[in-house]
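Colleague: I would like to go through the cysteines, the aromatic side chains and the nonpolar cores of this structure. Please give the reasoning with each answer.

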Amino acid sequence: MGVSLTKAAQWTSCGSGKLELTPMNESLLKEILCFVEKLGFQHPQEAELVFEAPLQWSTTLVASDFKTDYDIRDLEVQSHEKDSEGHPLLQLSPPTVWVRSFSQLSKLVHFADYKKLEEVRACLQENRDPLLKIFGPCFANFTEREDTHSNVPHLIDEDQVKDSELKLKLFHLVQNMDQQLLKNLLQKISEQVRLDPTTVKNDIELLKRFCSEGEKRVLKSVRYTSDYEFENGCRAPLWRQLHSEICYLVIEPCDTDELYITCSTTGVFINGGIKHEGAESGYERTSEMYKDLVTLLKSQSPYFAENIKKQDFAVQELPSTQRIQHVESVDMEEQGQPQRSYEQHEKNVHDKARQQHTLNKASGEKKYEPCPRWRNHGLMSPSCNAEEKKSSKSSAEERSCEIQKKKPGQGAKSKMKAEFSVCSIPGSLSSHKIKTPAGAMPVELSSESSLESEEEEEQSECRPENNIDLPSEYWQIQKLVKYLKGGDQTATVLTLCAMMDFNLMQETCQLAIRDVGGLEVLINLLDTDEVKCKIGSLKILRKISHNVQIRQTIVDMGGLQSIVKILDSPVKDLRALAAETIANVARFRRARRTVRQYGGIKKLVKLLDCVPNLANLTETKEKDVEVARCGTLALWSCSKSTKNKEAIHKAGGIPLLGRLLKSQHENMLIPVVGTLQECASEESYRIAIQTEGMIKDLVKNLSSDNDELQMHCASAIFKCAEDKQTRDLVRKYKGLHPLVSLLQKVNNKQLLAAATGAIWKCSISVENVAKFQEYKALETLIGLLTDQPEEVLVNVVGALGEFAQIPASKAIIHKSGGIKSLVNLLAGTNQALLVNVTKAVGAYATDKANMLIIDQLDGVRLVWSLLKNPSADVQSSAAWALCPCIENAKDGGEMVRSLVGGLELIVNLLKSTNNEVLASICAAIAKIAKDKENLAVLTDHGVIPLLGKLTNTTDDRLRCYLAEAIGHCCMWGSNRKSFGEAGAVAPLVRYLKSKDSTVHQSTAMALYQLSKDPNNCITMHEKGVVKPLIHIMGSNEEMLQEAAAGCIRNIRLLALANRKARLFY
Amino acid sequence: MSQLSAMNRKLKQTVAETISKHVEHFNKTEIECLIRKFTGLLGEPAAPGRAVTGLDRGKFRSILHNFFGMTDDMIMDGVFRTFDKDNDGLVSMKEWIEGLSVFLRGTLDEKIKYCFHVYDLNGDNYISKEEMFHMLKNSLIRQPTEEDPDEGIKDLVEITLKKMDHDHDGRLSFLDFEKAVKEENLLLEAFGTCLPDTTSTDLFEQHVFQEQLEQ
């Protein structure tokens, strides 16, 4: 108790002498409490021993807490038991209590009941050196001396032989427990840093690569001081591990002397020179603390710092490639545990499996095997004499005192740091992984759908391990698993049934099953022939697989393959249970891939084959339906991967889903529609959903009472209504009204998002907008413009944009003040939302009244500033919105001029590589150029050569707006000539060969403008412009006719003038 | 001889008729087949003149073993006891057909009754702790290291009792058993396999009903 209390317990640093509320202290207290409780009946004689001085502290106990054997007077209590001088062994005068023997102590904690831990804490806090009080000064000092053992006999006074003997015995008991405590603490400390040795090891491996000969060499050598590696990955001797040191290195840089380095969990530092294993001194820190080896080396060796920069890329690259290989090999070798897969076939795996789980396990059975040397020092053998142990240890203890004292304050911090350094590495690796070109990635991964927003990431477990706090369930489950391993069929079934009685949805139970090796047995059971065992096992698995970690472990152990295999079983119960379990497990990518790779999708689709809607279902048919329901649940989970969607399609799942969609039961419909809406992200599904006539059923279920079902239906329609026919079908089956009614459910945001999405997509068809108008959808939608999450807003605004197709909408939005809300949304950051908002603003700006409001609210400036948004979609959408704004503003030219730097911004966007952006900017330029002054500014900013450069495009959409912009830009100064010089004329002539008539129109206009410059006429003529223009002159469009004719006229005039000139001069 | 067999056939039919009236799950032809199988299994009477009226324990056990793969002596005795309703040490033709009706095609309720009867070794209408222990005693691998090798079994009995003994009287009444099985069907054969699995049922039915018809 003495050493562990003074050295290991984490006292608050502020001197008030409180025990910190750390898990380690908590367990320390519990151990001590346990010791006190047990001492009373295990060693009754020793427990009676009267303390040298009473332990005294302020308690929360009151007189009424004490039972018989006590004199209770008012608030005061005295024990009947008295010492030889008649003083009571326990005395309470609230709030202070004096206790003078262990037996009284144990009684007291018994009375304290649930507060007993608090009592022990208070006692220890107020008696900082309990041993001194219990044994008196001479005994307590033993601990500090090195030669205790020899001294003890002399200290025993002849008169008090018996008393002293007892005392000595008690002293030994206390010492033993002290040792036990220390050992446990060591274990805990090493558990806290459990992962860290691996990071250090990786770093060292990396550094070793730099020791190679040749130009790349940055270090001469890297070596450990010790070749022996403990099971926990550390190389430092055990007693140094207590100081959270991991290993010692000797690194020889190219330019300086050898560095002696200590790696600890708190960081790395240069030590006093530990050259080899077992050094007695040199552990002290002689440099500052560095966060990792590379940083330390950089600061110590300039040469290293210089050269490592060059290799920095390689340093990062190395682990990332390893990582990728690892991902690829996952299926063959489940996360570095190859033996597992072989073991599955045996049910009664004992040795290896046990070993493995004891490693993972949080229980106190963990034993580090020390190397023989340390055993000789008597460090790790609890049976060995306490004094002897002390002697070897105390010297080290004293030396480390300094560091040790710092420990309490750093405890939490160092732990955090350790975790951080561990976590940060996989993090940086994975981000790096994403950046690697797709070629290097496993094809499987890169092809997964990007829509998987609810994708759960595989997480590495960061569970705080706590030995002592294991709940009673843990031990019960451990016992049951033991029976599972050693039982025949009957015993196994009984045990499985007993296990089902635990609350399997509770994480403690779930993890307990895994930690005691139960998961392995459950999975092994799946490969047996015993139907009942398989049923029992699956009944448990389907529950515990709600836990993320369990899912991952099931996949790691290869359990998913077995479960997939069971999908073929002739027993219906088994098929249903297996499918249900898959539904839970396949929540992350690797699992879904496994299901597919083992043919699970096909098997699951096969389960769907049943007739769901018979009037009177027989028992067997009912079971079929249940199997189908579970199968759909599984497919729903699996359908989050693009490849699985394809696989379901290929296996013929869509018609089967269509049939199940006719079901009446919500519990069937939800997974069916869920799967459909998940898959509707694929074009093929959208077509199939439409052609298989599922729209009708989806619309029907929009009116169900179940929010979730409604949501999935709306969501499916949302995705499918990209297609015109689908939109018409929704209208035909009267789906528009239910969609609008869903807008009332403002509290269910998911539902609202799906419904507004469906309305948005449906309103792409004008006929639907008219219908929506009847149901007053627009008014409701405008009400949803404020205080909604972004996913709702995106859809609402998208719908508003489409509603503008009907002129009536513009008046309504004007009346209901929707413009203001829209303009407010322009200040947001969500790109999808911005695209829709700008689009809607543009659509409503076509109305003068609305435009006035937009202008007043400074909306144009906001839209204009979105041109700076990094997203090309936002840029183009904003540019498109600008066109109607400029056109419909009261004084567009003035408005544009008032935006400082705006024109320069526009011109610069002509350097974009995105055709849509270019087209939209060209359109905007065409509008801006209508104002002469602005055109002059544009010209100054060099718009002409930029436009000229773009003329070589083959994109008809861009050509159309480009030609328009060129046409408008000709109106200023010598721009016509400049276009000619920029080589814009010849490509424009080629535009006339395009099949797109809108291109012809704007090109003809541009050519007409350009033809006012004689040189351009020559170029046009050379490029054969006349023939297509004559052709265009025959068009129905008056403008077009005029432009084409004008152009030809100009060419002709030039030719005439030319001839005249030749004739007369 | 032919006259005799003709009479036999007629007799068989009438017997089948009467039995089929109070046996569910089998139709008349199936019952006839079962009767034929029964007489086949009886074999020739050991001593002429003394008609053998039923299957004795040994014969019955070998049927259970050969057709249904049962091995546990205690369970097989239990099954015999359950078939042999009048406790005369022989399974008569009627008992044979009635027993098989539950054994092969029984509903859950019938099977619960059947299993309870099999497990109620002494016929006192309760499954006591001792009976459970008896039936489960070979179901765990004994760790020789443990002080009490039976400890695991005892614990298993306790666990089972905790789960199934709803009235907390330390033994299982039929009501306890029925309730527990209804809650969790896996507990039907809690103390040992005493019902055939689907494959052996199918095989047996095929063997009796089809092959016999072909004869």
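Colleague: Is C247(A) buried or exposed, and what is its relative accessible area?
Modeller: The model is predicted. Buried means under 20% relative accessible area. C247(A) falls under that limit and is buried, its relative accessible area being 2%.

Colleague: Which cysteine sulfur is closest to that of C247(A), and how far away is it?
Modeller: A disulfide needs two cysteine sulfur atoms within 2.5 Å. The closest cysteine sulfur is in C263(A), and it is too far from C247(A) for a bond, at 4.0 Å.

Colleague: What is the distance from the sulfur of C194(B) to the nearest cysteine sulfur?
Modeller: C194(B) is buried, with a relative accessible area of 0%. C194(B) is in no disulfide, and over all chains the structure holds zero disulfides. The nearest cysteine sulfur belongs to C115(B), at 3.6 Å.

Colleague: How many aromatic pairs does the structure hold, and what is the geometry of F718(A) with W760(A)?
Modeller: Over all chains there are 19 aromatic pairs. The ring centres of F718(A) and W760(A) are 6.3 Å apart and the planes meet at 45°, so this pair is tilted. F718(A) sits in helix 35 of chain A and W760(A) in helix 38, so the pair ties together parts 42 residues apart in sequence. To restate both values, the count is 19 and the geometry is tilted.

Colleague: How are the rings of F116(B) and F174(B) arranged?
Modeller: F116(B) is buried at 5% relative accessibility, whereas F174(B), at 24%, is partly exposed. F116(B) belongs to helix 6 of chain B and F174(B) to helix 9 of chain B, so the pair ties together parts 58 residues apart in sequence. With ring centres 5.3 Å apart and planes at 80°, the arrangement is edge-to-face.

Colleague: Which residue lies over the face of Y126(B)?
Modeller: In chain A, R235(A) lies over the face of Y224(A), at 3.5 Å from the ring centre. In chain B, the residue over the face of Y126(B), at 3.5 Å from the ring centre, is R171(B).

Colleague: How many residues has the largest nonpolar core, and from which domains of chain B does it draw?
Modeller: Among the residues with the most contacts inside this core are W864(A), I582(A) and F103(B). The core takes at least three residues from each of domain 1 and domain 2 of chain B. Another core, of 43 residues, lies apart from it and includes I32(A) and L124(A). The numbers asked for are 280 residues, and domains 1 and 2.

Definitions and conventions:
Residues are numbered from 1 along each chain as its sequence is written. Chains are lettered from A and ligands numbered from 1 in the order in which they are written. This is a predicted model: local features need pLDDT of at least 70, side-chain atom pairs count only at pLDDT 80 or more; totals for chains, interfaces and linings use all residues. Side-chain values use heavy atoms; hydrogens and water are left out. Rings of Phe, Tyr and Trp (its six-membered ring) pair if their centres lie within 6.5 Å; planes under 30 degrees apart count as stacked, over 60 as edge-to-face and the rest as tilted. Helices (H or I, at least four residues) and strands (E, at least two) are DSSP runs, numbered from the N terminus. Buried means under 20% relative accessible area, exposed over 50%, partly exposed in between (1.4 Å probe, protein chains only). A charge sits over a ring if NZ of Lys or CZ of Arg is within 6 Å of the ring centre and within 35 degrees of the ring normal. A nonpolar core is a set of buried Ala, Val, Leu, Ile, Met, Phe, Trp, Tyr and Cys residues joined through side-chain atoms within 4.5 Å. Domain bounds come from an automatic or database domain assignment.
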